[in-house]
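Trainee: Could you take me on a close look at the sheets of chain A and the pieces that sit around them? I am new to this, so please go step by step.

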Amino acid sequence: MESMTMVVRTEDLRKEYGDIVAVRGLCLDIPSGCIYGLIGPNGSGKTTAIKVLMGLVRATSGTAEVLGRKVPVKGKDARVSYMPQELALYTDLTVHENVQLFAELNGLEPSSFEGREKEVLEVVGLWERRDDLVGQLSGGMQHRASLACAMINRPELMFLDEPTVGVDPELRAGFWEHFHSLKAQGMTVVLTTHYMDEASRCDLVGMMHRGRLIAEGTPDQLLKDSGSGNLEDAFLVFIRRCQE
Amino acid sequence: MNLRRTVAISRKVLRSLRHDRRTVAFLVLMPIFMIAIFGYTFGGEVKDVEVYVVDLDEGVGPVDLSDLIVTHLRDDSSLRVVQVIRTSDGYADPLAYGREKVSEGKAWGCIAFPANFTSDMVSFSPGNSSQADAATVTLYLDGSNFNIVQTVIAAVRSSISQVLAQDLDVIQPVNVEQDMVYGEGRGFLDTFAPGVISLAVMMVTFMISIISFIHERTTGTLARLLSTPVTEGEVVGGYALAFGLIGLVQSGVVLATALLLFDVQVEGSLALVLLTVFLLGVGMQGLGFLLSANARTEFQAVQFIPIILFPSILLSGVFWPLESVPEVLRPISYLLPLTYAVDGARSVMVRGWGLQEIWPDLAVLLLFAVAMLALSVVLMRRR
């Protein structure tokens, strides 16, 4: 891994909210061009870690670098995009209007917008529905619209916070197919999930528990290290180990 | 209808209040706040309307009736006599001086007694003289505020009748002539229109802003916007521009309605009225943002609306002049941006004033808008 370019690096990252420590001593090295899954139950610190990396919350201590720039960066980078866990779209605007807003904020040239919009909306299957209000779409469609907004500016690195939560199995499969096609285009995808079965679809997995990274490696490595048959059992093994 | 289920619903509502102390405080304190403001404002009479007196009365021998009237005017709490100008004070043209004070906005009125005031009163004989022979007082008035005009006229008439009835014990007419320095032929609506236009814009920009920002925060769209290269300043500036434009369109509509349906007139520049209202709209948008940042839920956010709106309606001079606001509440009047917008818009619409006269109002509104927007940016960065 050392020879690869790291798109995300954190050193002893810590975030406290009053008495609650959301992230403690997180050290991450995420290489470029992979799908990295931050796995863990709700409340394990995944979302906070992503928010710190996006510069949306300030770390209490430790350092973080994203695409070689120290976080929080002054002046956000259009090469990085973020899809939050909640919908976070304007439900009173159409799909097209939402996508256009994020294209403009990310500095996409108007000349290249139209072609890009079609490309992205076809990938998420919303090209025919682009003039519908987001608020009138089904939950799954809203999710896809949100993904489209995160992809519109051809980012090098995407942070997707629980992109598949509340998405039906068929659509989930479609999403994963799409994440792999993004990777094939050279993009790095960092996503969080609490579905252990999804971890096996990642190139690299970091397991988080109570704000700590308790294990990290490829899915195969993690199964081997834990001597388990599936990642869910592996997770429990690692928890037990760090409690011992 | 099942009583148990109904009670379960009631209990749920009351229980959720238990987790929101601010709302409980609001439910208790808001009515107290409202009754206090209403009580003080409606109880307040117009006080200390600033006037000049030009007393050219030469009297008849030792008798000088204008002096007696001036004594009563000074005792009248609705007026504050700034200065009494007499022939002996050496002004080249005392009348012009007094009238100028009104046209400069230094006073609401100038009460002028002519040289022959006492002599006309003394020579008046009820049987033989006509109304035209009666003594005359001339009032030079700033008619931009209808309430104030009524107050000055009433105070002068009352002082004259006190002199006649108590001091002299005679019954005879005295002519009170009105010469409007501003607002000739204007009435209630002309006084209210500038205030109502400003109030309408303030209400809409403030309410939409407070609601839309809390919405941006609770739905996560604000965080998402800020994850792109957009800066906090650009978000706040973009909102300010949009709300300023909404305010402009709105004030244009209200203004057009007032002009066409109610025959309200605009003496000065329409553009200046719109600029005043635009600055108010931008500032109120900023205030809305600041307050919504201090609310966790939409429910908490809307509680700020009456807290700002009620004092603004009652204490900014929209319907009642500032002179009727009780002394204790006057500082609040001067803290409310609407006060300056109403004063500015009214001065332009009724007095026909321009930038050189209303710039202090605009400066306050500009300062308010800049401060609110700057604070909004700072607050957004400190997340």
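Mentor: Here is a walk through the two sheets of chain A, followed by a short look at chain B.

Please keep in mind that this is a predicted model. The predictor gives the complex an ipTM of 0.88 and a pTM of 0.83.

Let us start with the sheet of 6 strands. Its order is β6-β7-β8-β3-β9-β10 in chain A, the sheet is open, and the pairing is mixed. At the edges stand β6 (80-83) and β10 (212-217) of chain A; each has a single partner strand, so one side of each is left without a neighbour in the sheet. On average, neighbouring strands here are turned by 15° against each other, direction ignored. As a general reminder, strands of a sheet pair through backbone hydrogen bonds, either parallel or antiparallel.

You can find both senses of pairing around β9(A). On one hand, β3 (residues 35-39) of chain A runs parallel to β9 (residues 204-209) of chain A, and 4 bridges join them. A good place to look is A:Leu38, whose bridge partner in β9(A) is A:Gly206. On the other hand, β9(A) and β10(A) pair in the antiparallel sense over 5 bridges. Here A:Gly206 turns up again, standing opposite A:Glu216 in β10(A).

Now follow the chain from β9(A) into β10(A). These strands form a hairpin with 2 residues between them, and A:Arg210 takes a positive phi near 50° there. A:Arg210 is placed in the loop between β9 and β10 of chain A, and it has this positive phi although it is not a glycine. That deserves a second glance, because most residues other than glycine have a negative phi. Is A:Arg210 buried or partly exposed? With 16 other C-beta atoms within 10 Å, A:Arg210 is partly exposed.

A:Glu162 makes a nice companion to that residue. A:Glu162 also has a positive phi of about 50° and is not a glycine. You will find A:Glu162 in the loop between β7 and α5 (169-184) of chain A. Since 20 other C-beta atoms lie within 10 Å, A:Glu162 is buried.

Next, look at the helices on this sheet. Helix α4 (residues 139-151) of chain A lies across β6 and β7 (157-161), running at about 170° to β6(A). Helix α7 (residues 219-226) of chain A lies across β9 and β10, and runs at about 110° to β10(A).

Chain A has another sheet for you to trace. It is an open sheet of 4 strands in the order β2-β1-β4-β5, with antiparallel pairing. Its edge strands are β2 (20-31) and β5 (69-70) of chain A, each pairing on one side only. Between β4 (residues 61-66) of chain A and β5(A) there are 2 bridges, and the strands run antiparallel. One pair to click on is A:Val66 with its bridge partner A:Arg69 in β5(A).

Helix α1 (residues 46-53) of chain A packs on this sheet, touching β1 (6-17), β2 and β4, and its direction makes about 65° with that of β2(A). How many residues of α1(A) are buried? The count is 7 of its 8 residues, and α1(A) is mostly covered. Among the buried ones are A:Ile50, A:Val52 and A:Leu53, and also A:Lys46 and A:Lys51. Just after α1(A), A:Gly55 takes a positive phi of about 75°.

Beyond β5(A), pause at the loop between β5 and β6 of chain A, where A:Pro72 lies. The peptide bond from A:Val71 to A:Pro72 is cis, with omega near 0°.

Finally, let us bring in chain B. In all, 11 residues of chain B are in contact with 17 residues of chain A. On the chain B side of this contact there are 5 nonpolar, 5 polar and 1 charged residues.

The largest nonpolar core has 91 residues, and B:Val51, B:Cys110, B:Val152, B:Val277 and B:Leu280 touch the most other members. Helix α10 (residues 270-292) of chain B gives the largest share of this core, 14 residues. A second, separate core of 69 residues includes A:Ile50, A:Leu89, A:Leu121 and A:Cys202. You have met A:Ile50 already, as one of the buried residues of α1(A).

Terms used. Residues are numbered from 1 along each chain as its sequence is written. Chains are lettered from A and ligands numbered from 1 in the order in which they are written. This is a predicted model: local features need pLDDT of at least 70, side-chain atom pairs count only at pLDDT 80 or more; totals for chains, interfaces and linings use all residues. Two strands pair if DSSP finds at least two bridges between them. Axes are lines fitted to C-alpha atoms, for helices over the stretch in contact, and angles run from 0 to 180 degrees between N-to-C directions. Two residues are in contact if their C-beta atoms, placed from the backbone, lie within 7 Å. A nonpolar core is a set of buried Ala, Val, Leu, Ile, Met, Phe, Trp, Tyr and Cys residues joined through C-beta atoms within 7 Å. A residue is buried if 20 or more other C-beta atoms lie within 10 Å of its own, exposed if 12 or fewer, and partly exposed in between; C-beta atoms are placed from the backbone. Ala, Val, Leu, Ile, Met, Phe, Trp, Tyr, Cys and Pro count as nonpolar, Asp, Glu, Lys and Arg as charged, and the others, Gly among them, as polar.
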